[in-house]
Amino acid sequence: MDTAALASRLLTERPRPHRVARWRYAHWLAVGTVCLGAFLGQLTASITALVFPALGRHFDAGFASVEWVALAYLLVLVALLAPIGRLSDLVGRKTVYLGGFAVFALASLGAGLAGGLWALVAFRAVQAVGGAMMQANSVALVARGVPGHAMRRALGVQAAAQGLGLALGPSLGGLLVEHASWRWVFWINVPIGVLGILAGWFLLPCTRPEGVPGPRVRARAHGGGHFDLAGLLLLTGATSALLLALSASSGLPLPGWAVAVLLLAAVVCALGLVRQERRAARPILAPGLVNTPGVRSGLVVSLIGYLLLFCPLVLAPVLLAGAGVPTSRVGLVVTLLPAAFAVAATAGGAMLPRVWSDLARCRLGAAVAGAGLLLFALLPAGGAGAGAAGVGGLLPVAVALAIAGWGLGLLLPANNALVMGAIPAECSAVGGGMVNMARSLGTALGTALPVLGVHLAGAATGGRAVLLALAAVAGLAVAVARPARRR
């Protein structure tokens, strides 16, 4: 079989078995398949922080180098979400989604086998390609496979799967690192990926039926040649240069002049991005939408929210491990942050008065999150004081993380509602992409800033300084949040 025939076969979507397609609840089987990808993506996001100390010991590497196991994934994810979304329109979302499972599983296998730190970083970057292929298509697959009356419930189930993955990651990661090996943190993705491929093959409906024009024809019909590649490259350049500069300042072995060059490159790319987006036919950041009242502030709050979520996920294991807390117990304590976030995101809003607006819920959530982070900062040595390894010493840390997680679970869904409420319905896909970018950038900064604080002032002092700064940033989110008003 020649290459063209093989490619054509791989890109041909197979329909579901007739018996499955005719079942009245078949759409819930499709939702379940999408939930596997949602669970896997968030599990990977939260489980990685628990492996940083073990990777540093195994590879004899500093924190600034180890953090790139997470940052490489996030940078590739930010860069590929938009173009893969466009590609999926051309070749079929089911095809790309299943391909994402395959790439993710194979890269996870390679990551677990990696013999060096930078080989692991490279496999994580490939893993992000698979993650982007899944994430760019998950909501669209739910929308395509679920009847309108079940849409809200289906998206809620998907959010619950994300919350479960986010909450399970730290405790599972702690158990695997302590009782098996850091390699199993990556290998555990392989069976989930295989299950996702099998489930998707049989349970997802076709998104590119037979007879639809090929990719080249459809690209011309959709104006595929006008994709804002320059904007994408400038966005990637700005974020990569900034994060490299932060890493170099955090101990990455680069000379001082390189930091200055990276910061200059970040500024130049950012200014170029602003100029490019103002004149591009199809800008990836859509300045017209960004300037809509409520959207710009909502994107800033989204970035802040994920910064507040992932900073403690990275920082708390370092503080607690430094106090002699076993890795498995660290994982259980840190799990309370994403677990409280998941519960509040799915059910916390129902506990508030129905007459409360999304803006009020957003501001309350930011204030509660800030209070939790402030409590964490005021604990002895940032939660790593004497007796922290005992149950009594860990209880205040657990309470503080749970409060912060609960506040973020109120903040982020309400903020997403504000952003999407300010965006016209015909631009919802572009708006959703911008929210995803803000979320990923917040996650990347939430990974890099704790490393900088620990490097500059030590784990205890630097950790407390970062937590105090986060509490102040939460206050900024309260002030920045604005009501949604469409133009």
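Is tryptophan 118 buried, partly exposed or exposed? At 49% relative accessibility, tryptophan 118 counts as partly exposed, because the exposed class begins over 50%. The model is predicted, and this residue is one way into it.

Tryptophan 118 sits in helix α8, which covers residues 117–135. Leaving out residues up to four places away in sequence, tryptophan 118 touches Ser65, Trp68 and Leu252. Take serine 65 from that list. Tryptophan 118 and serine 65 are 53 residues apart along the chain. Their C-alpha atoms are separated by 8.8 Å.

Now step back to the whole chain. The protein has 22 helices and 0 strands. It holds 487 residues, and buried residues make up 51% of them. Consider the contacts with a separation of 6 or more: residues 24 or more positions apart account for 86% of these. The exposed surface comes to about 20,600 Å². Carbon and sulfur atoms supply 68% of that area.

Next, the helix pairs. Two packed helices are described by the angle between their axes and the distance between the axes. Helix α17, residues 295–322, is a good place to begin.

Start with its pairing with helix α22, residues 459–480. The axes of α17 and α22 come within 10 Å and cross at roughly 160°. That makes α17 roughly antiparallel to α22, because angles over 145 degrees count that way. The crossing is left-handed. From α17 come Ser297, Val300, Val301, Ile304, Leu307, Leu308, Cys311, Pro312, Leu315, Val318 and Leu319. From α22 come Ala459, Ala460, Gly463, Val466, Leu467, Leu470, Val473, Ala474, Leu476, Ala477 and Val480. By class, the contact of α17 with α22 has 20 nonpolar residues, 2 polar residues and no charged ones.

Which two residues of this contact are polar? They are Ser297 of α17 and Gly463 of α22, because serine and glycine fall outside the nonpolar and charged classes.

Serine 297 deserves a closer look. It lies in α17. At 13% relative accessibility, serine 297 counts as buried, because the limit for that class is under 20%. Leaving aside neighbours within four places in sequence, serine 297 is in contact with Val480 and Arg482. Val480 also appears among the α22 residues of the helix contact.

Helix α17 has another partner, helix α19, residues 358–378. Here the angle is about 20° and the axes are 12 Å apart. That makes α17 roughly parallel to α19, because the angle falls under 35 degrees. Again the crossing is left-handed. The α17 side consists of Val301, Leu308, Pro312, Ala316 and Leu319. The α19 side consists of Cys362, Leu373 and Phe376. This contact of α17 with α19 divides into 8 nonpolar, no polar and no charged residues. Val301, Leu308, Pro312 and Leu319 of α17 are listed in the contacts with both α19 and α22.

Move now to the helix pair α3 and α7. Helix α3 covers residues 26–47, and helix α7 covers residues 93–113. Their axes come within 11 Å and cross at roughly 40°. The crossing of α3 and α7 is left-handed. On α3, the residues in contact are Thr33, Val34, Leu36, Gly37, Leu40 and Thr44. They meet Tyr97, Phe101 and Phe104 in α7. By class, the contact of α3 with α7 has 6 nonpolar, 3 polar and no charged residues.

Glycine 196 ties in here. It is found in helix α12, residues 189–203. At 0% relative accessibility, glycine 196 counts as buried. Not counting residues up to four places away in sequence, glycine 196 touches Thr33, Leu36, Leu98 and Phe101. Thr33, Leu36 and Phe101 also belong to the α3–α7 contact. Glycine 196 and cysteine 35 are 161 residues apart in sequence. In space they are 9.3 Å apart, C-alpha to C-alpha.

Histidine 27 is also in helix α3. At 12% relative accessibility, histidine 27 counts as buried. Alanine 154 is 127 residues from histidine 27 along the chain. The C-alpha atoms of histidine 27 and alanine 154 are separated by 9.2 Å.

Finish in a loop. Aspartate 60 is found between α4 (52–59) and α5 (63–66). Aspartate 60 is exposed, with a relative accessible area of 71%. Its phi is near 50°, a positive value in a residue other than glycine.

Conventions
Residues numbered from 1 in each chain as written. Predicted model: local features only at pLDDT ≥ 70, side-chain atom pairs only at ≥ 80, totals over all residues. Heavy atoms only, no water. Helix = DSSP H or I, 4+ residues; strand = E, 2+ residues; numbered from the N terminus. Buried < 20%, exposed > 50% of the residue type's maximum accessible area, 1.4 Å probe, protein only. Contact = heavy atoms within 4.5 Å. Axes fitted to C-alpha atoms, helices over the stretch in contact; angles between N-to-C directions. Parallel < 35°, antiparallel > 145°, perpendicular 65-115°, else oblique. Left-handed = near helix turned anticlockwise from the far one by under 90°. Areas by Shrake-Rupley, 256 points an atom, 1.4 Å probe, with all protein chains shown as cover.
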